[in-house]
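Reader: Please take one part of this model and go through it closely, residue by residue where possible. Set it against the whole chain and a few other places, and keep the account plain.

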Amino acid sequence: MKTFKHQSLIPKIAGVLTLSAITLHAAEHTAKAGKFEQVIKLEAVALPEAGYPVSIKPAVWSAVKIEKFLPHGSPVKKGEKLLWTDTEAIDEKIKEFTKERLKQKLILENSELELASLITSTAESLAKAEMEYKRFLEDYDYYKKVTKPQNASDTEYKVKRTNDFLSYTQEELDQLLKMYEEDGLTEETEEIIIKRARHGLVGSKRTLATAERNAAYEQKITAPRNDSDWAISAETKKRAWELTQKSLPLALKIKQLDVAKQKRGDIKSEEQLNDLIADRGLMEFESPANGLVYFGEFKDGKWINESAKKLVRKGGEVPANVTLMTIVPADTKLKFNAFLTEKQKRLFTPEQTGNMRLKSNPWKSIQMDSTLVSEHPDLAHQWLVSFTSEADLPAGVMIGSKANISIVTASADDVLSIPVNAVKSNSDGTYTLRIKMAEGDPEDITVELGRQAGDKIEVLSGLENGQVIITP
(Lines give C-alpha, C1' and ligand atoms only; values in the text may rest on other atoms or scores of the structure.)
Protein backbone atom coordinates (compact mmCIF):
# COMPACT_ATOMS: atom_id res chain seq x y z
CA MET A 1 0.00 0.00 0.00
CA LYS A 2 1.42 3.46 -1.03
CA THR A 3 1.55 6.43 1.34
CA PHE A 4 0.87 9.91 -0.13
CA LYS A 5 2.97 12.88 0.94
CA HIS A 6 0.42 15.70 0.96
CA GLN A 7 2.99 18.39 1.74
CA SER A 8 4.70 17.87 -1.64
CA LEU A 9 1.62 19.21 -3.49
CA ILE A 10 1.71 22.68 -1.84
CA PRO A 11 4.36 24.30 -4.09
CA LYS A 12 2.59 23.05 -7.20
CA ILE A 13 -0.76 24.38 -6.05
CA ALA A 14 0.86 27.75 -5.15
CA GLY A 15 2.38 27.95 -8.62
CA VAL A 16 -0.93 27.25 -10.27
CA LEU A 17 -2.65 29.90 -8.14
CA THR A 18 0.02 32.52 -9.02
CA LEU A 19 -0.34 31.85 -12.75
CA SER A 20 -4.10 32.02 -12.42
CA ALA A 21 -3.85 35.36 -10.61
CA ILE A 22 -1.62 36.80 -13.38
CA THR A 23 -3.99 35.53 -16.02
CA LEU A 24 -7.01 37.01 -14.22
CA HIS A 25 -5.47 40.50 -13.80
CA ALA A 26 -3.78 40.80 -17.18
CA ALA A 27 -5.61 42.61 -20.00
CA GLU A 28 -5.04 42.98 -23.72
CA HIS A 29 -4.99 46.13 -25.81
CA THR A 30 -4.74 46.25 -29.56
CA ALA A 31 -2.61 49.14 -30.76
CA LYS A 32 -4.48 51.25 -33.31
CA ALA A 33 -3.59 54.58 -34.88
CA GLY A 34 -6.19 57.26 -34.35
CA LYS A 35 -6.88 60.83 -33.23
CA PHE A 36 -4.61 62.09 -30.44
CA GLU A 37 -5.35 65.13 -28.31
CA GLN A 38 -3.30 66.64 -25.50
CA VAL A 39 -5.64 68.53 -23.16
CA ILE A 40 -5.15 70.63 -20.02
CA LYS A 41 -8.17 70.40 -17.74
CA LEU A 42 -8.62 73.09 -15.11
CA GLU A 43 -11.11 74.16 -12.49
CA ALA A 44 -11.71 77.91 -12.48
CA VAL A 45 -13.62 80.41 -10.34
CA ALA A 46 -15.13 83.74 -11.41
CA LEU A 47 -13.57 86.82 -9.80
CA PRO A 48 -13.96 90.56 -10.48
CA GLU A 49 -11.40 92.39 -12.59
CA ALA A 50 -11.69 95.44 -10.33
CA GLY A 51 -12.27 95.88 -6.61
CA TYR A 52 -11.54 98.30 -3.78
CA PRO A 53 -10.23 96.59 -0.63
CA VAL A 54 -11.38 97.95 2.72
CA SER A 55 -8.81 97.69 5.50
CA ILE A 56 -7.11 99.96 7.99
CA LYS A 57 -3.49 100.52 8.83
CA PRO A 58 -3.57 102.48 12.08
CA ALA A 59 -0.37 104.13 13.17
CA VAL A 60 -0.86 103.95 16.96
CA TRP A 61 -4.34 102.64 17.80
CA SER A 62 -5.13 98.95 17.70
CA ALA A 63 -8.30 97.94 19.60
CA VAL A 64 -11.30 98.77 17.40
CA LYS A 65 -14.53 96.92 18.14
CA ILE A 66 -17.34 96.53 15.62
CA GLU A 67 -20.80 97.68 16.66
CA LYS A 68 -22.63 97.33 13.34
CA PHE A 69 -21.84 96.55 9.69
CA LEU A 70 -23.44 96.28 6.27
CA PRO A 71 -24.22 92.69 5.30
CA HIS A 72 -22.40 90.87 2.55
CA GLY A 73 -23.82 91.75 -0.88
CA SER A 74 -25.18 95.14 0.19
CA PRO A 75 -25.17 97.85 -2.51
CA VAL A 76 -23.28 100.98 -1.41
CA LYS A 77 -22.41 104.40 -2.74
CA LYS A 78 -19.08 106.14 -2.46
CA GLY A 79 -18.72 107.73 0.99
CA GLU A 80 -21.43 105.58 2.55
CA LYS A 81 -20.53 103.98 5.89
CA LEU A 82 -19.59 100.30 5.85
CA LEU A 83 -18.74 99.64 9.50
CA TRP A 84 -19.71 101.30 12.76
CA THR A 85 -17.10 100.98 15.51
CA ASP A 86 -16.74 101.91 19.18
CA THR A 87 -14.63 105.08 19.13
CA GLU A 88 -15.24 106.31 22.68
CA ALA A 89 -11.80 105.28 23.93
CA ILE A 90 -9.88 106.89 21.07
CA ASP A 91 -12.01 110.04 21.24
CA GLU A 92 -11.18 110.37 24.95
CA LYS A 93 -7.52 109.71 24.21
CA ILE A 94 -7.43 112.46 21.59
CA LYS A 95 -9.11 114.87 24.04
CA GLU A 96 -6.61 114.15 26.83
CA PHE A 97 -3.66 114.16 24.46
CA THR A 98 -4.68 117.55 23.10
CA LYS A 99 -4.64 119.00 26.64
CA GLU A 100 -1.28 117.40 27.32
CA ARG A 101 0.09 118.86 24.10
CA LEU A 102 -0.89 122.38 25.27
CA LYS A 103 0.97 121.87 28.55
CA GLN A 104 3.97 120.43 26.73
CA LYS A 105 4.14 123.42 24.40
CA LEU A 106 4.09 125.85 27.36
CA ILE A 107 6.89 123.92 29.07
CA LEU A 108 8.92 124.01 25.86
CA GLU A 109 8.29 127.74 25.44
CA ASN A 110 9.48 128.36 29.01
CA SER A 111 12.56 126.20 28.44
CA GLU A 112 13.41 128.18 25.31
CA LEU A 113 13.15 131.43 27.31
CA GLU A 114 15.42 129.96 29.98
CA LEU A 115 17.88 128.91 27.31
CA ALA A 116 17.94 132.38 25.75
CA SER A 117 18.52 133.91 29.20
CA LEU A 118 21.23 131.35 29.98
CA ILE A 119 23.05 132.14 26.73
CA THR A 120 23.22 135.83 27.75
CA SER A 121 24.04 135.16 31.40
CA THR A 122 26.74 132.65 30.48
CA ALA A 123 28.54 135.20 28.35
CA GLU A 124 28.18 137.83 31.11
CA SER A 125 29.31 135.44 33.85
CA LEU A 126 32.34 134.39 31.84
CA ALA A 127 33.28 138.00 31.21
CA LYS A 128 32.83 138.90 34.89
CA ALA A 129 34.79 135.88 36.10
CA GLU A 130 37.59 136.65 33.65
CA MET A 131 37.67 140.28 34.81
CA GLU A 132 37.81 139.30 38.50
CA TYR A 133 40.57 136.77 37.84
CA LYS A 134 42.61 139.35 35.89
CA ARG A 135 42.14 141.87 38.69
CA PHE A 136 43.31 139.34 41.24
CA LEU A 137 46.41 138.63 39.15
CA GLU A 138 47.07 142.36 38.98
CA ASP A 139 46.66 142.66 42.77
CA TYR A 140 48.93 139.66 43.32
CA ASP A 141 51.54 141.09 41.02
CA TYR A 142 51.28 144.44 42.82
CA TYR A 143 51.69 142.69 46.18
CA LYS A 144 54.85 140.96 45.06
CA LYS A 145 56.36 143.98 43.36
CA VAL A 146 55.16 146.83 45.58
CA THR A 147 53.21 145.94 48.72
CA LYS A 148 55.52 143.28 50.11
CA PRO A 149 58.78 145.22 49.53
CA GLN A 150 57.13 148.38 50.85
CA ASN A 151 55.92 146.64 54.03
CA ALA A 152 59.43 145.31 54.62
CA SER A 153 60.89 148.76 53.99
CA ASP A 154 58.36 150.45 56.29
CA THR A 155 59.08 147.99 59.10
CA GLU A 156 62.80 148.48 58.70
CA TYR A 157 62.31 152.24 58.68
CA LYS A 158 60.26 152.13 61.89
CA VAL A 159 63.03 150.22 63.66
CA LYS A 160 65.63 152.64 62.35
CA ARG A 161 63.57 155.67 63.25
CA THR A 162 62.90 154.33 66.76
CA ASN A 163 66.56 153.57 67.19
CA ASP A 164 67.46 157.06 66.01
CA PHE A 165 64.95 158.56 68.40
CA LEU A 166 66.55 156.56 71.22
CA SER A 167 69.93 157.93 70.21
CA TYR A 168 68.54 161.48 70.24
CA THR A 169 67.02 160.95 73.66
CA GLN A 170 70.26 159.53 75.05
CA GLU A 171 72.26 162.40 73.56
CA GLU A 172 69.88 164.94 74.98
CA LEU A 173 70.17 163.40 78.47
CA ASP A 174 73.94 163.28 78.23
CA GLN A 175 74.04 166.97 77.26
CA LEU A 176 71.80 167.97 80.15
CA LEU A 177 73.90 166.12 82.68
CA LYS A 178 77.09 167.63 81.32
CA MET A 179 75.65 171.09 81.34
CA TYR A 180 74.32 170.91 84.85
CA GLU A 181 77.49 169.28 86.07
CA GLU A 182 79.60 172.23 84.82
CA ASP A 183 77.41 174.72 86.70
CA GLY A 184 78.07 172.91 89.87
CA LEU A 185 74.59 173.58 90.93
CA THR A 186 71.52 171.45 90.65
CA GLU A 187 68.31 173.27 91.16
CA GLU A 188 65.00 171.67 91.77
CA THR A 189 63.84 172.59 88.27
CA GLU A 190 66.88 171.04 86.73
CA GLU A 191 66.31 167.87 88.70
CA ILE A 192 62.85 167.64 87.22
CA ILE A 193 64.17 168.14 83.65
CA ILE A 194 66.80 165.47 84.09
CA LYS A 195 64.30 163.09 85.60
CA ARG A 196 61.94 163.62 82.67
CA ALA A 197 64.76 163.03 80.17
CA ARG A 198 65.68 159.80 81.90
CA HIS A 199 62.05 158.66 81.75
CA GLY A 200 61.98 159.51 78.02
CA LEU A 201 65.08 157.44 77.46
CA VAL A 202 63.49 154.46 79.18
CA GLY A 203 60.39 154.93 77.00
CA SER A 204 62.47 155.17 73.84
CA LYS A 205 64.21 151.94 74.72
CA ARG A 206 60.91 150.19 75.24
CA THR A 207 59.60 151.65 71.96
CA LEU A 208 62.70 150.39 70.19
CA ALA A 209 62.27 146.95 71.69
CA THR A 210 58.64 146.90 70.55
CA ALA A 211 59.58 148.01 67.04
CA GLU A 212 62.27 145.35 66.83
CA ARG A 213 59.80 142.69 68.02
CA ASN A 214 57.22 143.89 65.47
CA ALA A 215 59.83 143.89 62.74
CA ALA A 216 60.90 140.37 63.62
CA TYR A 217 57.24 139.21 63.70
CA GLU A 218 56.59 140.88 60.36
CA GLN A 219 59.63 139.24 58.83
CA LYS A 220 59.22 135.77 60.29
CA ILE A 221 55.44 135.43 60.64
CA THR A 222 53.33 138.02 58.83
CA ALA A 223 55.27 138.20 55.57
CA PRO A 224 55.47 134.40 55.07
CA ARG A 225 51.80 134.12 55.95
CA ASN A 226 50.89 136.79 53.44
CA ASP A 227 53.00 135.06 50.82
CA SER A 228 51.30 131.75 51.56
CA ASP A 229 47.83 133.31 51.58
CA TRP A 230 48.44 135.02 48.27
CA ALA A 231 49.90 131.84 46.71
CA ILE A 232 46.95 129.72 47.91
CA SER A 233 44.49 132.35 46.70
CA ALA A 234 46.26 132.39 43.36
CA GLU A 235 45.85 128.63 42.96
CA THR A 236 42.23 128.78 44.16
CA LYS A 237 41.37 131.65 41.83
CA LYS A 238 43.09 129.89 38.94
CA ARG A 239 41.16 126.65 39.50
CA ALA A 240 37.92 128.58 39.93
CA TRP A 241 38.52 130.45 36.69
CA GLU A 242 39.41 127.25 34.82
CA LEU A 243 36.33 125.54 36.26
CA THR A 244 34.15 128.50 35.30
CA GLN A 245 35.51 128.39 31.76
CA LYS A 246 34.40 124.75 31.50
CA SER A 247 31.33 124.55 33.72
CA LEU A 248 29.39 127.53 32.37
CA PRO A 249 29.60 126.46 28.69
CA LEU A 250 28.92 122.86 29.79
CA ALA A 251 25.79 123.91 31.67
CA LEU A 252 24.72 125.87 28.61
CA LYS A 253 25.34 122.84 26.37
CA ILE A 254 23.31 120.62 28.71
CA LYS A 255 20.46 123.13 28.63
CA GLN A 256 20.65 123.27 24.83
CA LEU A 257 20.51 119.47 24.65
CA ASP A 258 17.58 119.40 27.06
CA VAL A 259 15.68 121.93 24.97
CA ALA A 260 16.55 120.06 21.79
CA LYS A 261 15.25 116.87 23.40
CA GLN A 262 12.06 118.66 24.41
CA LYS A 263 11.67 119.88 20.84
CA ARG A 264 12.07 116.35 19.50
CA GLY A 265 9.58 115.14 22.07
CA ASP A 266 7.24 117.94 21.05
CA ILE A 267 7.51 116.95 17.38
CA LYS A 268 7.01 113.28 18.25
CA SER A 269 3.99 114.05 20.42
CA GLU A 270 2.53 116.19 17.65
CA GLU A 271 3.02 113.31 15.23
CA GLN A 272 1.36 110.93 17.71
CA LEU A 273 -1.59 113.24 18.07
CA ASN A 274 -1.85 113.58 14.30
CA ASP A 275 -1.59 109.78 13.99
CA LEU A 276 -4.39 109.38 16.53
CA ILE A 277 -6.56 111.84 14.63
CA ALA A 278 -5.73 110.05 11.36
CA ASP A 279 -6.53 106.69 12.96
CA ARG A 280 -9.82 108.13 14.13
CA GLY A 281 -10.58 109.12 10.53
CA LEU A 282 -9.87 105.57 9.37
CA MET A 283 -12.52 104.29 11.74
CA GLU A 284 -15.26 105.93 9.70
CA PHE A 285 -14.93 103.04 7.23
CA GLU A 286 -16.46 104.88 4.29
CA SER A 287 -16.92 103.14 0.98
CA PRO A 288 -14.20 104.09 -1.52
CA ALA A 289 -16.52 103.61 -4.51
CA ASN A 290 -19.99 102.70 -5.71
CA GLY A 291 -20.59 98.97 -5.81
CA LEU A 292 -21.43 95.86 -3.83
CA VAL A 293 -20.03 94.73 -0.48
CA TYR A 294 -18.11 91.47 -0.60
CA PHE A 295 -16.59 90.06 2.57
CA GLY A 296 -12.92 89.16 2.25
CA GLU A 297 -10.46 90.04 -0.50
CA PHE A 298 -9.57 88.98 -4.02
CA LYS A 299 -5.87 88.26 -3.95
CA ASP A 300 -3.46 86.12 -5.93
CA GLY A 301 -6.29 84.77 -8.08
CA LYS A 302 -8.40 83.63 -5.13
CA TRP A 303 -11.35 84.86 -3.11
CA ILE A 304 -10.08 84.78 0.47
CA ASN A 305 -12.99 85.25 2.86
CA GLU A 306 -12.61 82.81 5.76
CA SER A 307 -11.00 85.39 8.08
CA ALA A 308 -13.57 88.03 7.20
CA LYS A 309 -16.40 85.64 8.04
CA LYS A 310 -14.99 85.27 11.56
CA LEU A 311 -13.96 88.89 12.10
CA VAL A 312 -16.93 90.86 10.76
CA ARG A 313 -19.36 90.43 13.62
CA LYS A 314 -20.76 92.55 16.44
CA GLY A 315 -18.13 92.86 19.13
CA GLY A 316 -15.38 91.62 16.86
CA GLU A 317 -12.09 93.52 16.71
CA VAL A 318 -10.83 95.01 13.47
CA PRO A 319 -7.23 93.88 12.93
CA ALA A 320 -4.71 96.06 11.15
CA ASN A 321 -3.73 95.34 7.55
CA VAL A 322 -6.48 92.76 7.08
CA THR A 323 -8.98 93.29 4.25
CA LEU A 324 -12.41 92.80 5.76
CA MET A 325 -14.41 93.81 2.72
CA THR A 326 -13.96 94.56 -0.94
CA ILE A 327 -16.21 96.99 -2.78
CA VAL A 328 -16.82 95.53 -6.24
CA PRO A 329 -18.15 97.95 -8.87
CA ALA A 330 -21.49 96.76 -10.22
CA ASP A 331 -20.33 97.07 -13.83
CA THR A 332 -17.00 95.32 -13.41
CA LYS A 333 -16.20 92.43 -15.75
CA LEU A 334 -15.58 88.94 -14.46
CA LYS A 335 -12.61 86.77 -15.18
CA PHE A 336 -12.13 83.08 -14.43
CA ASN A 337 -8.93 82.24 -12.56
CA ALA A 338 -7.30 78.83 -12.47
CA PHE A 339 -3.92 77.38 -11.51
CA LEU A 340 -1.52 75.32 -13.60
CA THR A 341 0.57 72.51 -12.18
CA GLU A 342 4.20 72.23 -13.26
CA LYS A 343 3.26 69.54 -15.78
CA GLN A 344 0.42 71.66 -17.21
CA LYS A 345 2.66 74.75 -17.27
CA ARG A 346 5.12 72.85 -19.49
CA LEU A 347 2.34 72.21 -22.02
CA PHE A 348 0.75 75.64 -21.76
CA THR A 349 1.64 78.46 -24.16
CA PRO A 350 0.61 82.11 -23.63
CA GLU A 351 -2.70 83.35 -25.01
CA GLN A 352 -4.10 79.89 -25.67
CA THR A 353 -7.85 79.61 -26.02
CA GLY A 354 -9.92 77.26 -23.94
CA ASN A 355 -13.45 75.93 -23.80
CA MET A 356 -15.27 76.69 -20.57
CA ARG A 357 -18.33 74.93 -19.22
CA LEU A 358 -20.04 76.39 -16.19
CA LYS A 359 -20.73 73.86 -13.47
CA SER A 360 -24.17 75.38 -13.19
CA ASN A 361 -24.75 74.80 -16.94
CA PRO A 362 -22.35 72.12 -18.23
CA TRP A 363 -24.17 71.82 -21.57
CA LYS A 364 -23.04 75.17 -22.92
CA SER A 365 -19.45 75.74 -24.04
CA ILE A 366 -17.88 79.22 -24.01
CA GLN A 367 -14.62 80.07 -25.76
CA MET A 368 -12.20 81.91 -23.45
CA ASP A 369 -8.90 83.69 -23.99
CA SER A 370 -6.11 83.02 -21.50
CA THR A 371 -3.43 85.19 -19.92
CA LEU A 372 -0.61 83.83 -17.82
CA VAL A 373 -0.64 86.12 -14.77
CA SER A 374 2.39 84.85 -12.89
CA GLU A 375 5.72 84.06 -14.52
CA HIS A 376 6.85 82.34 -11.34
CA PRO A 377 5.03 79.75 -9.23
CA ASP A 378 3.35 80.57 -5.95
CA LEU A 379 4.16 78.84 -2.68
CA ALA A 380 2.00 75.88 -3.74
CA HIS A 381 4.19 75.64 -6.87
CA GLN A 382 1.35 76.64 -9.18
CA TRP A 383 0.99 79.28 -11.87
CA LEU A 384 -2.01 81.62 -12.00
CA VAL A 385 -3.77 81.88 -15.38
CA SER A 386 -6.75 84.12 -16.08
CA PHE A 387 -9.50 83.49 -18.65
CA THR A 388 -11.69 86.18 -20.18
CA SER A 389 -14.19 86.39 -23.02
CA GLU A 390 -14.92 89.17 -25.47
CA ALA A 391 -18.52 88.02 -25.55
CA ASP A 392 -20.88 88.58 -22.67
CA LEU A 393 -21.01 85.78 -20.14
CA PRO A 394 -24.33 83.98 -19.67
CA ALA A 395 -26.85 85.50 -17.31
CA GLY A 396 -26.50 84.30 -13.75
CA VAL A 397 -22.71 84.12 -13.76
CA MET A 398 -21.52 85.82 -10.60
CA ILE A 399 -18.48 86.19 -8.42
CA GLY A 400 -17.63 82.75 -7.10
CA SER A 401 -19.20 80.85 -10.02
CA LYS A 402 -17.17 77.77 -10.86
CA ALA A 403 -16.36 76.23 -14.21
CA ASN A 404 -14.34 73.54 -15.94
CA ILE A 405 -11.94 74.73 -18.64
CA SER A 406 -10.29 72.54 -21.27
CA ILE A 407 -7.31 73.69 -23.33
CA VAL A 408 -6.26 71.56 -26.30
CA THR A 409 -2.47 71.95 -26.46
CA ALA A 410 -1.87 69.41 -29.24
CA SER A 411 -4.08 67.53 -31.74
CA ALA A 412 -3.16 65.10 -34.51
CA ASP A 413 -4.68 62.25 -36.55
CA ASP A 414 -3.23 58.80 -37.23
CA VAL A 415 -1.23 58.70 -34.02
CA LEU A 416 -0.39 55.37 -32.41
CA SER A 417 -1.08 55.62 -28.68
CA ILE A 418 -1.36 53.08 -25.88
CA PRO A 419 -2.38 53.00 -22.20
CA VAL A 420 0.28 54.47 -19.94
CA ASN A 421 0.09 51.53 -17.56
CA ALA A 422 1.25 49.20 -20.34
CA VAL A 423 4.68 50.84 -20.37
CA LYS A 424 7.51 49.56 -18.19
CA SER A 425 10.27 52.02 -17.28
CA ASN A 426 13.69 50.38 -17.08
CA SER A 427 16.70 51.45 -15.02
CA ASP A 428 18.79 51.99 -18.17
CA GLY A 429 16.39 54.72 -19.37
CA THR A 430 14.54 52.57 -21.92
CA TYR A 431 10.85 51.72 -22.07
CA THR A 432 9.41 48.31 -22.94
CA LEU A 433 6.04 46.75 -23.72
CA ARG A 434 4.92 43.13 -23.45
CA ILE A 435 3.52 41.94 -26.81
CA LYS A 436 1.26 38.94 -27.32
CA MET A 437 2.69 36.62 -29.94
CA ALA A 438 0.64 34.49 -32.38
CA GLU A 439 2.40 31.43 -31.04
CA GLY A 440 4.46 30.92 -27.93
CA ASP A 441 5.04 33.11 -24.88
CA PRO A 442 4.68 36.92 -24.93
CA GLU A 443 7.80 38.97 -25.73
CA ASP A 444 9.12 42.33 -24.47
CA ILE A 445 9.90 45.00 -27.06
CA THR A 446 11.63 48.37 -26.66
CA VAL A 447 9.68 51.46 -27.76
CA GLU A 448 10.28 55.20 -28.13
CA LEU A 449 7.60 57.34 -26.52
CA GLY A 450 6.28 60.83 -27.33
CA ARG A 451 3.50 62.99 -25.91
CA GLN A 452 1.14 61.99 -23.14
CA ALA A 453 -2.59 62.78 -23.05
CA GLY A 454 -4.31 61.69 -19.87
CA ASP A 455 -3.96 57.89 -19.55
CA LYS A 456 -2.68 57.57 -23.16
CA ILE A 457 0.88 58.02 -24.43
CA GLU A 458 2.15 58.34 -27.98
CA VAL A 459 4.46 55.61 -29.38
CA LEU A 460 6.94 56.98 -31.91
CA SER A 461 8.70 53.72 -32.83
CA GLY A 462 9.06 50.08 -31.84
CA LEU A 463 5.35 49.17 -32.06
CA GLU A 464 3.25 48.39 -35.12
CA ASN A 465 -0.39 49.10 -35.75
CA GLY A 466 -2.53 46.11 -34.80
CA GLN A 467 -0.13 44.49 -32.35
CA VAL A 468 -1.69 43.26 -29.11
CA ILE A 469 -0.24 44.64 -25.90
CA ILE A 470 -0.56 42.89 -22.55
CA THR A 471 -1.30 45.37 -19.76
CA PRO A 472 -1.24 44.67 -16.04
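Author: Of the 472 residues in this predicted model, 29% are buried. The overall dimensions give the setting. The radius of gyration is 60 Å, whereas a compact globule of 472 residues would come out near 23 Å. Along the principal axes, the C-alpha atoms fill a box of roughly 205 × 80 × 55 Å. The exposed surface amounts to about 31600 Å², and 53% of it is supplied by carbon and sulfur atoms. The protein carries 67 positive and 71 negative charges, and the mean positions of the two sets lie 7 Å apart. Its secondary structure consists of 5 helices and 20 strands. When contacts between residues at least 6 apart in sequence are counted, 77% of them join residues at least 24 apart.

The part chosen for the close look is a sheet. It is open, has 4 strands in the order β3-β10-β7-β5, and is paired in the antiparallel sense. The edges are β3 (52–54) and β5 (75–76); each has a single partner strand, so one side of each has no neighbour in the sheet.

Strand β10 covers residues 325–328 and is joined to β3 by 3 bridges, the two running antiparallel. Two of the residue pairs can be named. P53 has T326 of β10 as its bridge partner, and V54 stands opposite M325 in β10. Strand β7 (residues 291–295) also pairs with β10, antiparallel and over 4 bridges. Here V293 stands opposite I327 in β10.

Which way do the side chains of β10 point, and are they buried or exposed? M325 and I327 point one way from the strand, T326 and V328 point the other way, and all are buried. To count as buried, a residue must have under 20% relative accessible area. The pairs named above can be read against this: M325, opposite V54, and I327, opposite V293, share a direction from β10, while T326, the partner of P53, points the other way.

Another set of strands gives a second example of antiparallel pairing. Strand β16 (residues 424–425) and strand β17 (residues 431–435) pair over 2 bridges, with K424 opposite T432 in β17. The two strands form a hairpin with 5 residues between them, and G429 in the turn has a positive phi of about 90 degrees. Strand β17 is in turn joined by 5 bridges to strand β18 (residues 443–453), again antiparallel. In that pairing, the partner of Y431 is V447 in β18.

Helix α3 spans residues 188–282 and includes S269. R198 lies in α3 as well. S269 has a relative accessible area of 10% and is therefore buried. Apart from its neighbours within four places in sequence, S269 is in contact with F97, R101 and Q104. R198, with 45% relative accessibility, counts as partly exposed. With residues up to four places away in sequence left out, R198 touches L173 and L177. The C-alpha atoms of R198 and E172 are 9.6 Å apart, with a separation of 26 residues in sequence.

Technical notes: Residues are numbered from 1 along each chain as its sequence is written. This is a predicted model: local features need pLDDT of at least 70, side-chain atom pairs count only at pLDDT 80 or more; totals for chains, interfaces and linings use all residues. Side-chain values use heavy atoms; hydrogens and water are left out. The radius of gyration is taken over C-alpha atoms; the globule rule is 2.2 Å times the number of residues to the power 0.38. Buried means under 20% relative accessible area, exposed over 50%, partly exposed in between (1.4 Å probe, protein chains only). Contact means heavy atoms within 4.5 Å. Accessible areas come from the Shrake-Rupley method with a 1.4 Å probe; for residues, only the protein chains shown count as cover. Lys and Arg count as positive and Asp and Glu as negative; His and the chain ends are not counted. The place of a charge is taken as NZ of Lys, CZ of Arg, CG of Asp or CD of Glu. Two strands pair if DSSP finds at least two bridges between them.
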